[in-house]
Amino acid sequence: MRRVSGRARGLETVSMGIGDPDRDPPEWVRAILAEEVMREGSHRYPSYKGHPQLHAAALAYVERSFGVGGLGDANVMTTIGSKEGIANLVTALVNPGDVIAMPDPMYPVFGTMSRLHGAETVSLPVHPSTDFMPDPRQYLSSEQEARLRVLFINYPHNPTGQIATRAYLQSLVDYARERGCVIVSDMAYGEIFFGGAGGPAGQTSAGTAARPTKPDSILAMDGALDCAIEMHSFSKSFNMTGWRVGFAVGNAQLIGGLLQVKSNIDSGCFNAIQLAMARVLDDPRCDPFLAENRAHYKQRMEKVIGALEGMGIKVHRPGASIFVWCETPGNVPSIDWCSRLLDETGLVVSPGAAYGQYGEGFFRISLSTPDADIDKALDKLREFVAR
Ligand SMILES: Cc1ncc(COP(=O)(O)O)c(C=O)c1O
């Protein structure tokens with residue numbers, strides 16, 4: 001029998017699926033971009049490495065926000081968002097037969113790009129059973145360790161929203177130096193944290209180690225500059241996923257490798273955007289805006305978690321990010337549960353299995369949804385769970 005979609009039956013579709021901020025960047029940020037767009041001489045090919053003004057502002061920012069100082073222009077370059085940086089870095093680093101270890105569940109690009117380049121991927125479970133901080137030694141054989149080329153990490157973590165402890169991050173740097181591999185740290189959500197709300201915090205989260213109130217940069221760990229590169233993005237923290245701008249920072253040789261690939265693939269980020277972001281990072285309104293944005297997501301996060309817990313859904317409180325990671329009720333595959341939810345109520349949430357095998361049993365709710373839609377979504381979910 002032909003299945004009739006919820007929309008065809010007149011159900012209103014509401015999405016809490018994609019992580020794409022619903023709010024615009026602040027007006028003052030857009031005004032700066034408009035000025036830079038009108039500036040004469042900003043419209044030719046940009047430098048492949050990026051604009052030195054953005055590099056200087058980015059280095060000052062990582063020093064004030066993450067305590068990572070002493071870096072120079074060789075340690076930084078502009079990206080067209082972190083997706084581009086991650087994908088091109090894999091091209092720069094990975095050869096067929098290499099082993100690439102990565103979080104599971106994960107942002108899919110780590111795995112798809114590694115496999116495209118003929119690598120063997122190893123899942124590190126970012127899961128309640130590992131307190132969301134898996135020890136790579138437990139998941140790689142010594143034969144795989146000998147071929148280990150890259151260790152991907154992503155804290156704050158998409159999709160679970162968990163932050164790592166400093167001790168854990170330091171142990172990863174020690175491990176990478178011992179094994180001679182590279183750490184690629186994806187910091188796309190580094191500015192959206194909830195000030196201690198995350199981690200175990202005596203809530204339903206299964207964690208045991210006390211989490212920091214603010215995410216740490218891998219580059220703040222001892223010895224990290226020998227082996228690590230970190231991808232920062234303005235997409236989520238400034239509500240500008242469409243601008244396509246971020247930066248890579250870290251080991252100079254890794255920056256050089258990324259530059260070599262990028263210069264053969266793309267032609268850099270529009271100078272007006274880079275100059276605007278340099279001014280935004282240096283502007284006295286920058287840090288207050290980031291704080292306001294955090295408070296905004298935290299308020300949504302508390303509202304959504306309160307409602308979910310009221311429905312009896314078990315939630316792993318995020319310490320950061322724009323996501324809430326929830327256990328799928330009943331013993332049903334997450335894809336089936338989410339499909340039924342969509343079909344019967346018109347509500348879109350993301351099945352955990354879409355992010356990896358250790359995402360099974362969970363679903364992800366995105367907080368980048370307008371408040372009125374959140375209310376509708378929670379009503380739909382309440383009605384569905386009560387059936
Ligand atoms: C973990 C993670 N990394 C990277 C990205 C890509 O971000 P950007 O817009 O900077 O390319 C995303 C986007 O959703 C993400 O969730």
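## Exercises on a predicted model

In helix H4 (residues 109-116), the buried residues are Phe110, Gly111 and Ser114. Before we start: residues are numbered from 1 along each chain as its sequence is written. This is a predicted model, where local features need pLDDT of at least 70, side-chain atom pairs count only at pLDDT 80 or more, and totals for chains, interfaces and linings use all residues.

**Exercise 1.** Work out how the buried residues of H4 are arranged and what covers them.

*Solution.* Start with the terms. A residue is buried if 20 or more other C-beta atoms lie within 10 Å of its own, exposed if 12 or fewer, and partly exposed in between, with C-beta atoms placed from the backbone. Helices (H or I, at least four residues) and strands (E, at least two) are DSSP runs, numbered from the N terminus.

Next, look down the axis of H4: its buried residues fall within an arc of 90 degrees (taken from the directions from the helix axis to the C-beta atoms), so they line one face of the helix. Now flip to the face turned away from that buried side, and you'll find the exposed residues Thr112 and Leu116. Finally, the cover over the buried residues includes helix H3 (82-93), strand S3 (99-104), S4 and strand S5 (148-153), where contact means C-beta atoms, placed from the backbone, within 7 Å.

**Exercise 2.** Find which strands stand at the edges of the 7-strand sheet.

*Solution.* Write down the order first: this open sheet runs S2-S8-S7-S6-S5-S3-S4, with mixed pairing. Two strands pair if DSSP finds at least two bridges between them. Strand S2 (76-79) and strand S4 (120-125) each have a single partner strand, so one side of each is left without a neighbour in the sheet.

Then zoom in on one pair. Strand S6 (residues 182-186) and strand S7 (residues 228-233) pair in the parallel sense over 4 bridges, and Ile183 stands opposite Ala228 in S7.

**Exercise 3.** Compare the settings of Asn239 and Arg244.

*Solution.* Take the backbone first. Asn239 has a positive phi of about 55 degrees, and Arg244 has a positive phi of about 65 degrees; Asn239 is not a glycine, and neither is Arg244. Now place them: Asn239 sits in the loop between S7 and strand S8 (246-250), and Arg244 is in the loop between S7 and S8. Last, count neighbours. Asn239 has 21 other C-beta atoms within 10 Å, so Asn239 is buried. Arg244 has 17, so Arg244 is partly exposed.

Technical notes
Two residues are in contact if their C-beta atoms, placed from the backbone, lie within 7 Å.
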